[in-house]
Amino acid sequence: MNKKKSDKCRHRAYYVKRINETIDKALNQYHRVLAVRFDLRFPDEENRLDCPTRYYDAPDVISRAFESVKSQIKEDIKRKVKAGKRTLTCDVRYIWARELNQEGTKHHYHIILLLNKDAYSWPGKRQTEMSFNYLSIYQIVVNAWIRAIKRDDHEKDHHGLIHLPVKGFYSLNRNKPNFMTDYRELTERAIYLAKEYSKDYSDGRRNFYCSQK
């Protein structure tokens, strides 16, 4: 393996440890877990005459997004409990990594949400769907990100800023015989966020984080 390829494959051990701990915490609380992987990108501002504050530089943009995700899910669970699912809960756990594009000019985020599968059975968006379910995890993340970057919901091109990758979600069930296979597949996918390559250490900003509980 040449040095360039080796650099791209290198992972930070602490990040890997935190990823494993976060996944295990979700599975210790819920025997069925839905893990969903998203890419969050910033809009191109150069051609906007009304260009707002540069959210590329805002250190709290990702925390604002996750606060919105948690708030929306909390309200959604309240509605579901009121509708009859008396014991339903969904504590949100997450992993995120901030990275640079290949040109080294623009940041983006990779995130993973870990949720109670009894509350959310799938992300709620197929690749061919053109409509959006307000209560789906996909739409919750869309809402959260456009609020974090202070866009309006009527700006329909914002949907291109939130990407659900192909095979971007995993369903884990501790009681199923294929659990360990699914667990390994999720862990291997999640460890991509721990790679050193494409992280930006020049500005002193945090490049990786996991929920604490």
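## Around Asn 207

Which residues does Asn 207 touch, not counting residues up to four places away in sequence? In this predicted model, the partners are Trp 96, Ala 97, Arg 98, Lys 199, Asp 200 and Tyr 201. Asn 207 itself sits in the loop between helix H5 (179-190) and strand S6 (208-210).

One of those partners deserves a closer look: the side chain of Asn 207 reaches the backbone oxygen of Asp 200 at 2.7 Å. The relative accessible area of Asn 207 is 4%, so this residue counts as buried.

## The largest pocket

If you are browsing the model for open spaces, the largest pocket has a volume of about 270 Å³. Two elements each give two or more residues to the lining of this pocket, namely helix H3 (61-82) and strand S2 (93-100). Helix H3 gives the most, with 4 residues.

The residues lining the largest pocket are Lys 70, Ile 73, Lys 74, Ile 77, Cys 90, Asp 91, Val 92, Arg 93, Tyr 94, Ser 211, Gln 212 and Lys 213. Sorted by class, the lining has 5 nonpolar, 5 charged and 2 polar residues.

## Salt bridges along helix H3

Lys 70, one of the residues lining the largest pocket, also forms a salt bridge with Glu 67, where the closest N and O atoms are 3.1 Å apart. Both residues belong to helix H3, and because they are 3 residues apart, about one helical turn separates them. Lys 70 is partly exposed at 28% relative accessibility, and Glu 67 is partly exposed at 48%.

Helix H3 holds another such pair: the side chains of Glu 75 and Lys 78 meet in a salt bridge at 3.4 Å, N to O. Here too the two residues are 3 apart, about one turn of the helix. Glu 75 has a relative accessible area of 36% and is partly exposed; Lys 78, at 47%, also counts as partly exposed. Elsewhere, Lys 17, Arg 18 and Glu 21 are joined into one network by salt bridges that share partners.

## A link across the sequence

The structure holds 13 salt bridges. Among them is the one between the side chains of Asp 118 and Arg 32, with an N to O distance of 2.8 Å. Asp 118 lies in the loop between strand S3 (107-116) and helix H4 (137-148), while Arg 32 is in strand S1 (residues 32-41), so this pair ties together parts that are 86 residues apart in sequence.

How accessible are the two partners? Asp 118 is partly exposed, with a relative accessible area of 38%, and Arg 32 is partly exposed at 24% relative accessibility.

Conventions. Residues are numbered from 1 along each chain as its sequence is written. This is a predicted model: local features need pLDDT of at least 70, side-chain atom pairs count only at pLDDT 80 or more; totals for chains, interfaces and linings use all residues. Side-chain values use heavy atoms; hydrogens and water are left out. On a 1 Å grid over the protein atoms alone, a cavity is a set of points where a 1.4 Å probe fits but cannot get out, and a pocket is an open set with protein on both sides within 12 Å along at least five of seven lines; lining residues have an atom within 4 Å of a point. Grid points are joined across faces, edges and corners, and a volume is the space filled by probe spheres set on the points. Ala, Val, Leu, Ile, Met, Phe, Trp, Tyr, Cys and Pro count as nonpolar, Asp, Glu, Lys and Arg as charged, and the others, Gly among them, as polar. Buried means under 20% relative accessible area, exposed over 50%, partly exposed in between (1.4 Å probe, protein chains only). A polar contact is a pair of N or O atoms within 3.5 Å; within protein, one must be able to donate a hydrogen and the other to accept it, and residues adjacent in sequence count only if both atoms are side-chain atoms. Contact means heavy atoms within 4.5 Å. A salt bridge is a side-chain nitrogen of Lys or Arg within 4 Å of a carboxyl oxygen of Asp or Glu.
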